[in-house]
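Me: I am new to this structure and would like a close look at a single part of it. Could you take me through the salt bridges, and tell me how open to the surroundings their partners are?

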Amino acid sequence: MLEGWDTAGKGGVVRRLGWALDPRSFKVHPISAPDQHERAEHYLQRFWRHLPQNGQIVVFDRSWYGRVLVERVEGLATEAEWRRAYREINEFERVLTDSGVRLVKLFLHITSKEQARRFRDRLINPLKRWKLSYEDFHNRTRRADYVVAIEDMLEETSTKFAPWYLIPANDKLFGRIAAFRILAEQLGRGVSLRPRPINPQLFKEAKRILDLSAADIRRAAKEADRKIRSKHGPGVDRPV
């Protein structure tokens, strides 16, 4: 789950994840303002529809934290509603993690000066101008209010089962690498990276169709192992 200042680099993290991961098991849900139908429901209801299936990785670009950020700052939720949301969100995330979901919450932070520089770059560069909107400049005028809301959010919703990871992202490359390291550590914990063994039936059919001997396959496996280790280092599990 990605939150952060406008221009902090959330889109860049999402794009690079998409380059590396299988699109059949990797989904991105960019969250915008709720439509008329969604406004008539509990604000968490629309997120239940997009939760990952078993084995999937789902990215929420913005999230249910809109209730305690933009809806709080812009007066779209009453004080009673956004204060109650801290408890609701913590309980919602506890349900997810108790059911086996690995929830990683990243907040990308940039300074006001760096944000202004990136806004100017987007305005001047015609290839980036499409990223700008009126809301970007409006949100900047409310930065002080957002700072208070963000600090309250981090304090109230960073829990043992779903902690926040605050990433300094003035340097885009540093921010991306930091995000990827956190994701790899949290999502990869306890997950075997060993390539799955060849199915015996598949092995038998491959020998017949491809006219391969067991010795041929062993030689090919050793060569593949050598290439993997030369690319990724000795810490990679050996193929089975």
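Reply: What follows goes through the salt bridges pair by pair and ends with a nonpolar patch on the surface. Please keep in mind that the model is predicted.

In general, side chains of opposite charge can pair when their charged atoms come close. The structure holds 18 salt bridges, and a few of them are described here one after another.

A good place to begin is helix H5, which covers residues 79-98. There the side chains of Arg83 and Glu79 meet in a salt bridge, with 2.8 Å from N to O. These two residues are four positions apart in the helix, which amounts to about one turn. Arg83 has a relative accessibility of 47% and therefore counts as partly exposed, and Glu79, with a relative accessible area of 46%, is partly exposed as well.

Helix H5 also holds Arg94 and Asp98, which are again four residues apart and so separated by about one helical turn. The salt bridge between Arg94 and Asp98 has its closest N and O atoms 3.1 Å apart. Here the two partners fall into separate classes of exposure: Arg94 is partly exposed because its relative accessibility is 40%, whereas Asp98 reaches 58% and so counts as exposed, the cut-off for that class being over 50%.

Moving on to helix H10, which spans residues 200-210, one finds a salt bridge between Arg208 and Glu205, whose closest N and O atoms lie 2.4 Å apart. In this pair the spacing is three residues, which is about one turn of the helix. Arg208 is exposed, with a relative accessible area of 57%, while Glu205, at 37% relative accessibility, is partly exposed. Elsewhere, salt bridges that share partners join Glu3, Asp6 and Arg62 into one network.

Helix H10 is also where Ile209 is found, and this residue leads from the charged pairs to a nonpolar part of the surface. Together with Leu210 and Leu212, Ile209 makes a nonpolar surface patch of about 280 Å². Ile209 itself counts as exposed, because its relative accessibility is 54%.

To draw the helices together, helix H5 contains both the Arg83 and Glu79 pair and the Arg94 and Asp98 pair, while helix H10 contains the Arg208 and Glu205 pair along with Ile209 from the nonpolar patch.

Terms used:
Residues are numbered from 1 along each chain as its sequence is written. This is a predicted model: local features need pLDDT of at least 70, side-chain atom pairs count only at pLDDT 80 or more; totals for chains, interfaces and linings use all residues. Side-chain values use heavy atoms; hydrogens and water are left out. A salt bridge is a side-chain nitrogen of Lys or Arg within 4 Å of a carboxyl oxygen of Asp or Glu. Buried means under 20% relative accessible area, exposed over 50%, partly exposed in between (1.4 Å probe, protein chains only). Patches are made of residues with over 30% relative accessible area and no salt bridge: like charges are joined within 9 Å, nonpolar side chains (Val, Leu, Ile, Met, Phe, Trp, Tyr) within 5 Å. Accessible areas come from the Shrake-Rupley method with a 1.4 Å probe; for residues, only the protein chains shown count as cover.
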